[in-house]
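The exercises below are meant to be worked with the sequence and the coordinates side by side. Each task is followed by a solution that proceeds in steps.

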Amino acid sequence: MPQIAAPRGTRDILPDEFAARRWLLDAHSAVAESFGYRGIETPIIESSELFSRGVGTDTDIVEKQMFTFDDRGGRSLTLRPEGTAGSLRAVVGAHLDQEIRPVRVHYAGPFFRAERPQAGRQHQFTQVGIECIGESSPALDAEIIEVAWQFYKALGITGIQLQVNSLGSASDRVRYRAALVAYYTPLEASLCDDCRRRLHTNPLRLLDCKRDARFVEGAPLLWDSLDRPSRDHFTAVLRDLEAAGIEAIRNDRLVRGLDYYSDTVFEFWHDVLQGAQGSLGGGGRYDGLAELLGFPATPATGYALGVERTLMVARALGTIPQAPAAADVLVCSVEPAEADAAAGIARLIRAAGTRTVLDVAERRLDRKLRGAGRIGTRVAVIVGENEVAGDSAVVRDLDGHSQQTVPIAELAATVTRILGGAS
Ligand code: HAM
């Protein structure tokens, strides 16, 4: 029978990588919480409408990349491709923003997009993110960027490139759309199929097209369509970033791949991810999204960062800490007759707070001790016939290669002392 493989575009996370991810996820929670963000979790399956209305029907994500299916009642559900619409729904739906504003939340979890799989681009991937909901201050746009910046710093990642732009207000974009249509209409015959269609439905998406990139160069600039308050908002963001010591590169063409943005948008890039995989993370302000989802108007801003891509960069820069050993102590019996005594001793040492594995298999002692080396334990506790009779055990320091016979009553303390001294 053929072996069953993991589905295309998904990966198994084995223990060494699991440890690296935990390091990353812990760092993100710690940094976000140091800014007052609190953890939330929202469902992995959502009503498809959340994304068609929220992310936008003309986006690549909604048009081509969603895993959508009907439930048994015929309702259309989608594996979430992103976390902003769900987080906003959760926070505003529970009226958290009526108790305190802004509501600061952080999250981490799996997301799904049916993109062509390649390094750094999967069907199932992981994001960490934050959303700051309920206020429109530019200071909060700068704050969320600073959270991401501190997160990269906590991981030891240097060389991050921050690109920023402003998409202005809804009325700015009406003006800009008109300018784009005037520019692209004479070029219509040369555009790709998607762009030709989007020219009539959502011209801003044309700036996002990889195939028609050559036309983007000559397109009108968004900045020229922004009114005074929009320009002031963006100027304030840039000023706050500078005050925080964060270098921002203005990219007039940055529009992001999701429709819900207004005013500030940004992306993080790194040279390690040469082109193909795309950005390390991104986000921006989305003041109009709550209304699109049927809630009262609620300004908000946030970001999401790709965990797999961030780990690719951390790995290339060598900043991932070595995965810890599975346990510090191996307890083993010499013969099967001592198995129960060995199990009791393992419990005793664990109860004292030391990570302990038990080996009572029927194999030679030297094999068991070699196994201990492979697991990375630093102490072996050996229980044979004499030890059981004497209420004791042999404690071997695998680093120092010394050993001693210790009464059971002193065992946990002896092991702790050896581990403490060796670390
Ligand atoms: P996004 O730019 O679509 O933004 O995704 C954020 C990050 O998720 C990307 O920069 C990338 O690192 C990672 N990512 C996206 N697709 C894939 C994939 N197929 N494989 C691996 N990694 C991927 C959002 O999702 C917005 N919700 C961000 C946001 C939060 N805006 C406001 N608040």
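**Exercise 1.** Which residues in helix 11 (residues 307–317) are buried? Establish also what they pack against and how the helix is followed in the chain.

*Solution.* The model is predicted, and local features are therefore read only where pLDDT is at least 70. As a first step, apply the cut-off for burial, which is a relative accessible area under 20%. In helix 11, the residues that count as buried are Val307, Glu308, Arg309, Thr310, Leu311, Val313 and Ala314. The next step is to look for their surroundings: these buried residues pack against helix 1 (15–34), strand 6 (124–133), helix 5 (138–154) and strand 11 (300–306). Finally, follow the chain onward, where helix 11 gives way to Gly318, a residue with a positive phi near 70°.

**Exercise 2.** Describe the pairing of strand 6 with strand 5 and with strand 11, and state how many of the residues of strand 6 are buried.

*Solution.* Begin with strand 5 (residues 103–112), which pairs with strand 6 in the antiparallel sense over 10 bridges; here Val103 stands opposite Ile133 of strand 6. Turn then to strand 11, which runs antiparallel to strand 6 and is joined to it by 7 bridges, with Ile133 opposite Ala300 of strand 11. As for burial, strand 6 is mostly covered, since 9 of its 10 residues are buried.

**Exercise 3.** Characterise the surroundings of the ligand, starting from the residues that come nearest and ending with the classes of residue in the shell.

*Solution.* There are 26 residues around the ligand, of which Glu82, Thr84, Glu115, Glu131 and Tyr261 come nearest. Continue with individual atoms: a ligand nitrogen lies 2.6 Å from an N or O atom in the side chain of Tyr261, a ligand oxygen lies 2.9 Å from an N or O atom in the side chain of Ser279, and a ligand oxygen is 3.2 Å from a polar backbone atom of Gly281. Taken alone, the ligand exposes 660 Å², and 97% of that is buried by the protein. The elements that contribute two or more residues to the shell are strand 6, strand 10 (281–285) and strand 11. Sorted by class, the shell holds 8 nonpolar, 11 polar and 7 charged residues.

**Exercise 4.** Which residues of helix 4 (residues 84–93) are buried, and what covers them?

*Solution.* Helix 4 is mostly covered, with 7 of its 10 residues buried, and these are Thr84, Ala85, Gly86, Ser87, Leu88, Val91 and Val92. Thr84 has already appeared among the residues that come nearest the ligand. The cover over the buried residues of helix 4 includes strand 5, strand 6 and strand 11, together with strand 2 (45–47), helix 2 (48–54) and helix 10 (289–292). Just after the helix, His95 takes a positive phi of about 60°.

**Exercise 5.** Why does Arg363 count as partly exposed, and with which side chain does it make a polar contact?

*Solution.* First locate Arg363, which is found in the loop between strand 13 (356–359) and helix 13 (365–375). Its relative accessibility is 40%, and Arg363 therefore counts as partly exposed. Its side chain makes a polar contact with that of Asp359, at 2.9 Å.

Conventions:
Residues are numbered from 1 along each chain as its sequence is written. This is a predicted model: local features need pLDDT of at least 70, side-chain atom pairs count only at pLDDT 80 or more; totals for chains, interfaces and linings use all residues. Side-chain values use heavy atoms; hydrogens and water are left out. Buried means under 20% relative accessible area, exposed over 50%, partly exposed in between (1.4 Å probe, protein chains only). Helices (H or I, at least four residues) and strands (E, at least two) are DSSP runs, numbered from the N terminus. Contact means heavy atoms within 4.5 Å. Two strands pair if DSSP finds at least two bridges between them. A residue is near a molecule or strand if one of its heavy atoms lies within 4 Å of it. A polar contact is a pair of N or O atoms within 3.5 Å; within protein, one must be able to donate a hydrogen and the other to accept it, and residues adjacent in sequence count only if both atoms are side-chain atoms. Accessible areas come from the Shrake-Rupley method with a 1.4 Å probe; for residues, only the protein chains shown count as cover. Ala, Val, Leu, Ile, Met, Phe, Trp, Tyr, Cys and Pro count as nonpolar, Asp, Glu, Lys and Arg as charged, and the others, Gly among them, as polar.
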